[in-house]
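Got your viewer open? Let's take a walk through this model together, one selection at a time.

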Amino acid sequence: MPVLTYRQALNEALREEMNRDESVFCLGEEIGRFGGSYRVTEGLLDEFGPERILATPISELGIIGLATGAAMTGLRPVAEIMTINFIMVGMDQLVNNAAKIPYMFGGEAQVPIVVRTPSGAGHQLTAQHSQVLEVWFAYVPGMYVVAPSTPADAKGLLKTCIRDNNPILFVENVLLYNDKGEVPDGEHIVPLGKAAIRREGDDVTIVSYSRMVNVALQAADALADDGISAEVIDLRSLRPLDMDTVLASVRKTNHAMIVHEGWRKYGAGAEIAAQIQELAFDYLDHPVQRVTGAEVPLPYAQSLEAAALPQLEFVVDGARTMVGKR
Amino acid sequence: MTAATEQAADPDIATMYRDMVRIRVFEETVQGLFMQSLVSGTTHLAQGQEAVAVGVAHALRPDDYSTYTYRGHHHALARGLDLEAAFAELLGRATGINHGKGGSMHLTDARLGLYGSFAIVGAGLPVAVGLGRAAQLRQDGRISATFFGDGATNIGAFHEAMNLASVWKAPVLFVCENNLYGEYSPLRSTTPVEDLAIRASAYAMRAQIVDGNDVVAVYESAREAAALARVGEGPTFLEYKTYRHRGHSRSDPAKYRPEEEVKAWLARDPLTVARRRLMDAGSSNEAELDRIDGAIGVEVEAAVERAKSAPWPELSEVTTNVYA
C-alpha cells in the first residue's frame, strides 16, 4: 500500500473526487497557485483550472455563503478556511444558513458543503491562531463535524464527506499534515459516524479524536509497560458521535477517559462523559476522567505553549490512578 | 437588452398591477390573521414595497434564483409562490410550503428558484453570489437576484458579497429596497450617505437609483441589469427608493415617522402609481381596476380559507429534515 502524508492523502481525495464528479469544486484563500497555506490543494489548479480551484479574496463569510448558495443548486463545494480561528467571521453562514436550510425549507433544499480547516496548536502561533473550536459546530443540529487522525482516514473521510449531502466541518490538524501512513489507492471510503478502535485493551478506555489519538496511543504503550491494557478509540467525528463503540468498550473496561486538545469546560469530553454516565453508569468503577487543554488563550513561548496542551504524562498518570483504584 | 427581450415579452402593466394587488391583499390579510393570533411569532410586512418585488420578478427568468429577507412575502409571491401554501405556512399547517417549519421569516420554495428567506440581516447576499457562481460554472445563463433593505448595506456580508460578485463578474442583481428605515431608525441616523448606490462605486459596480414605487421603472431597470448579467457583464446594484407603509414588525405602529412623510409616500403608493399609468394610457379605467381588485380579494380569501382548514403538522415532523 502506498505511504502518504496526511497532506498528500487529503490532496489525493480532492483530486479523485474532482475527477469523479464535475460538480465538486474547491474555493478558499490562496488555494490556487500557492496551493493552500498548508499545501493541501497543491497541483490542483493546473489540473482543474481556476473555475474549479477558485482562489478567493480574504473573505471567510463570503466563502461559506458562496459555498452555501452554490451547493443548493446541486454543486459540491469544498471550502478551505485557512485556519479554524478565522471561521468565526463566517460562522453565521455556516450555523444560521447552511445548517438550518434543510429544516427551514421543510426538506426541499440541501446544502452539501465541506468546510475544510486546520485546528489545533503546536506551532507557537499564539492566541488567535491556535484554537480548537470544532466543538462549537458539533453543538449544532444540522451540522456534521469530522476530524481524521490518520492519513488513510484523511482520504477516506474527506471522500465520504464530499459525497454526503449535509454541511460538514472537516477538521484537520496543523501537526498532522506531515504524518505518514499507508493509504489505500483509489476508491477508499470511510463511513461517517463509525469510530475506530485503534488499539484493543481490557483495563481502560481512552476516547479521543484528531491529533490527540496519537497521544492516547503513546500513553497506551507506556501503560502496557505497567501491565495496564488500554483500549484507544478514535471517534473520527464529533457529530455524528459513535457512542455505541464507546459504550461497548466502557462496558468491557469499566474505566473511561477522554482526551482532547480543546478546552475542558463544555468541551467534547463533557458531552461524552455525560452520555457514558447516562448509558453505562452501572459499568463504571471510577468517575469518567478528562485530559484536556488548559483553559487559557494559547501563549507564545514554546515551554508555555506545551504547558497549555494535554501532556502524555497526564494521560498515563490519570489512567494509572483510575485503574489503581479498582 | 437583446437577451432580455429574447427571454420573454415585456409583461403588461395590468399583469404587474394584479401581482402587486395580490401581494397587498395577502399582506393585509396576514396582518389581520396576526391580530387574531392565528399567525404567531412575528411578521414583517411589505405593504408599499410591492413594486420592487413584482418589477424585478418580471425581469427574471423562471429558472433564475433569488434570495431575500425576513420581510420577504412579496418576493416569494412575486415569483409565483402558491397563495394557499403560503398562508398555510404562516398558519403553521401541515400543507405549508415549508411544512410549518419556516414560518413568516423563511417562506421559500426551492422549486421556484427561491433559495432562501434569511432572517439575519445581509446573510442572503453571499448566498446569492454562490448561486451566481453556480450559474457561471455551468454556463447556463441563469442569474440571481438578492433583495435586501437599506440597513443591510451597513453589514459586513453586504460588502463581502459586493466585492466577490464584482471581482468575478458574477451574474447577480443586488436589489436594495431602500425604505428609509432600518427597523425603527431612520436611515440618516445610521448611515452617512443618503443614496446607497454610491456604495457600489467602491466595488466598481454599475448602479442605478430608481423610483421603487413605479413598477414599470423597476421592471425596466431590472431588465437591463439582468440582460447585462446574463451576457457576462457582471452585477448591478439597483437602489429602489420606496417606503414601508407599516411598522417594522408585528404591531409596531411606527409612531417614529413624521406624519407628512407618511402622507407623501402614501400618495405615491405603488398601486396608485400603476393605476394612474394604466388609466393615463387609456388601457383601463377605475371601474375595471376595481373589478380586478375585487376578484383578487376573492382569490386571496378563498386561499386563506382553504389554508385555515388544513390539518396541523404531525408531531413526528419536528425531527425530520434536520439532515438531508
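In chain B, select helix H2, residues 13-35, and helix H12, residues 286-308. Where do they touch? From H2(B) come B:Tyr17, B:Arg18, B:Val21, B:Arg22, B:Val25, B:Phe26, B:Thr29 and B:Leu33, and they meet B:Leu289, B:Ile292, B:Asp293, B:Ile296, B:Gly297, B:Glu299, B:Val300, B:Val304 and B:Lys308 in H12(B). Sort the residues of this contact by class and you get 10 nonpolar, two polar and five charged. Keep in mind as you go that this is a predicted model.

Now turn the view until you can see both helix axes. They are 9 Å apart, and the two helices pack at an angle of about 45°. That angle makes H2(B) oblique to H12(B). The crossing of H2(B) and H12(B) is right-handed.

**Next stop: where the chains meet**

Show both chains, each in its own colour. How many residues does each chain bring to the contact? Chain B gives 37 residues and chain A gives 41 residues. Between them, chain B and chain A bury about 3200 Å², with 64% of it on carbon and sulfur atoms. To see where chain B gives up the most area to chain A, pick B:Leu137, B:Tyr323 and B:Ala324; together they make up 19% of what that side buries.

**Then: the two domains of chain A**

Hide chain B for now and colour chain A in two parts: domain 1 is 3-182 and domain 2 is 196-322. The C-alpha centres of these two domains of chain A lie 26 Å apart. At the join, 32 residues of domain 1 of chain A are in contact with 26 residues of domain 2 of chain A. The two domains of chain A bury about 2200 Å² between them, and 55% of that is on carbon and sulfur atoms. Which three residues should you click on the domain 1 side? Go for A:Gln124, A:Val132 and A:Ser149: they supply 24% of the area that domain 1 of chain A buries against domain 2 of chain A, more than any other three residues.

**Last stop: another helix pair**

Stay in chain A and select helix H8, residues 212-225, plus helix H12, residues 312-324; their axes come within 9 Å and cross at roughly 50°. H8(A) and H12(A) are therefore oblique to each other, and their crossing is right-handed. Turn on side chains to find A:Val215, A:Gln218, A:Ala219, A:Ala222 and A:Leu223 of H8(A) meeting A:Leu312, A:Val315, A:Val316, A:Ala319 and A:Arg320 of H12(A). By class, that contact of H8(A) with H12(A) has eight nonpolar residues, one polar and one charged.

Terms used
Residues are numbered from 1 along each chain as its sequence is written. Chains are lettered from A and ligands numbered from 1 in the order in which they are written. This is a predicted model: local features need pLDDT of at least 70, side-chain atom pairs count only at pLDDT 80 or more; totals for chains, interfaces and linings use all residues. Side-chain values use heavy atoms; hydrogens and water are left out. Axes are lines fitted to C-alpha atoms, for helices over the stretch in contact, and angles run from 0 to 180 degrees between N-to-C directions. Helices (H or I, at least four residues) and strands (E, at least two) are DSSP runs, numbered from the N terminus. Angles under 35 degrees count as roughly parallel, over 145 as roughly antiparallel, 65 to 115 as roughly perpendicular and the rest as oblique. A crossing is left-handed if the near helix is turned anticlockwise from the far one by less than a right angle, and right-handed if clockwise. Contact means heavy atoms within 4.5 Å. Ala, Val, Leu, Ile, Met, Phe, Trp, Tyr, Cys and Pro count as nonpolar, Asp, Glu, Lys and Arg as charged, and the others, Gly among them, as polar. Domain bounds come from an automatic or database domain assignment. Buried area is the accessible area (1.4 Å probe) that two parts lose on being put together, summed over both.
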